[in-house]
Amino acid sequence: EVRALAAELGVQAASKPSAPCLITRLPYNTKVDFAVLEKVGMGEEYLKEKGLKNVRLRLHGDVIRIEVERSAMKTVLEMAEDVADMLKIVSRKHKK
């Protein structure tokens, strides 16, 4: 409803995907570590620079999950080696 109204009013951001706070990438009741959030943000930015538009990295214990639109999954798989290297950097900081 809000997006439709924004589009009707000519707001350019109406068609952009939502960009929730990075804290939403952590499970509930997780102590917030701003260094970890910075790494998550850097990881997401890296993936966006690789051409992915709507991407999230979510941390669950020792698991880092990548969320992308179904149409982008092939792209992620094609750059799996680069993505794995980036995730290792995020993971090292996450396990601190």
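Arg58, Arg65 and Glu67 are linked in a network of salt bridges. This is one detail of a predicted model, and the paragraphs below place it in the rest of the chain.

The chain contains four helices and two strands. Followed along the sequence, these elements come in the pattern α-α-β-β-α-α. The C-alpha atoms fill a box of roughly 45 × 35 × 20 Å along the principal axes. Of the 96 residues, 26% count as buried.

Return now to the network. Within it, Arg58 forms a salt bridge with Glu67, and their closest N and O atoms are 2.9 Å apart. Arg58 has a relative accessible area of 17% and is buried, because the limit for a buried residue is under 20%. Glu67, with a relative accessible area of 25%, is partly exposed.

Arg58 falls within the residue range of β1 (55–60), and Glu67 within that of β2 (63–68). Ile66 also has its place in strand β2. At 25% relative accessibility, Ile66 counts as partly exposed. The C-alpha atoms of Ile66 and Arg56 are separated by 5.9 Å, although the two residues are 10 apart along the chain.

The next topic is the interior. In soluble globular proteins, nonpolar side chains tend to be buried together. In this model, the largest nonpolar core has 17 residues, and the ones with the most contacts inside it are Leu47, Leu52, Leu57, Leu59 and Met86. Which elements give two or more residues to this core? They are α2, β1 and α4 (80–94).

Helix α2 can be examined further. Its 16 residues, at 1.5 Å a residue, should span 22 Å, and its end C-alpha atoms are 22 Å apart, so the expected and computed values agree. The buried residues of α2 are Val36, Leu37, Val40, Gly43, Glu44 and Leu47. Seen down the helix axis, these buried residues fall within an arc of 120°, which means that they line one face of α2. The face turned away from the buried side carries the exposed residues Phe34, Glu38 and Glu49. Leu47 therefore appears in two descriptions: it is a buried residue of α2, and it is among the residues with the most contacts inside the largest nonpolar core.

Salt bridges occur elsewhere too. The structure holds five of them. One joins Lys50 to Asp82, with the closest N and O atoms 3.8 Å apart. This pair links distant parts of the chain, since Lys50 lies in the loop between α2 and β1 and Asp82 lies in helix α4, 32 residues apart. Lys50 is partly exposed, with a relative accessible area of 37%. Asp82 is partly exposed as well, with a relative accessible area of 36%.

Another salt bridge is formed by Lys88 and Asp85, whose closest N and O atoms are 4.0 Å apart. Where do these two residues lie? Both are in helix α4, three residues apart, which is about one turn of the helix. Lys88 has a relative accessible area of 49% and is partly exposed. Asp85, with a relative accessible area of 39%, is partly exposed. Helix α4 also gives two or more residues to the largest nonpolar core.

The surface is the last topic. Leu5, Leu9 and Val11 form a nonpolar patch there, with about 300 Å² of accessible area together. Val11 has its place in the loop between α1 (2–8) and α2 (34–49). Is Val11 partly exposed or buried? At 43% relative accessibility, Val11 counts as partly exposed.

Lys74 is placed in helix α3, which covers residues 73–78. At 60% relative accessibility, Lys74 counts as exposed, because the limit for that class is over 50%. Lys74 and Glu1 are 73 residues apart in sequence, and their C-alpha atoms are 32 Å apart in space.

Notes. Residues are numbered from 1 along each chain as its sequence is written. This is a predicted model: local features need pLDDT of at least 70, side-chain atom pairs count only at pLDDT 80 or more; totals for chains, interfaces and linings use all residues. Side-chain values use heavy atoms; hydrogens and water are left out. Patches are made of residues with over 30% relative accessible area and no salt bridge: like charges are joined within 9 Å, nonpolar side chains (Val, Leu, Ile, Met, Phe, Trp, Tyr) within 5 Å. Accessible areas come from the Shrake-Rupley method with a 1.4 Å probe; for residues, only the protein chains shown count as cover. A salt bridge is a side-chain nitrogen of Lys or Arg within 4 Å of a carboxyl oxygen of Asp or Glu. Buried means under 20% relative accessible area, exposed over 50%, partly exposed in between (1.4 Å probe, protein chains only). A nonpolar core is a set of buried Ala, Val, Leu, Ile, Met, Phe, Trp, Tyr and Cys residues joined through side-chain atoms within 4.5 Å. The expected span of a helix is 1.5 Å times one less than its number of residues. The arc is that of the directions from the helix axis to the C-beta atoms.
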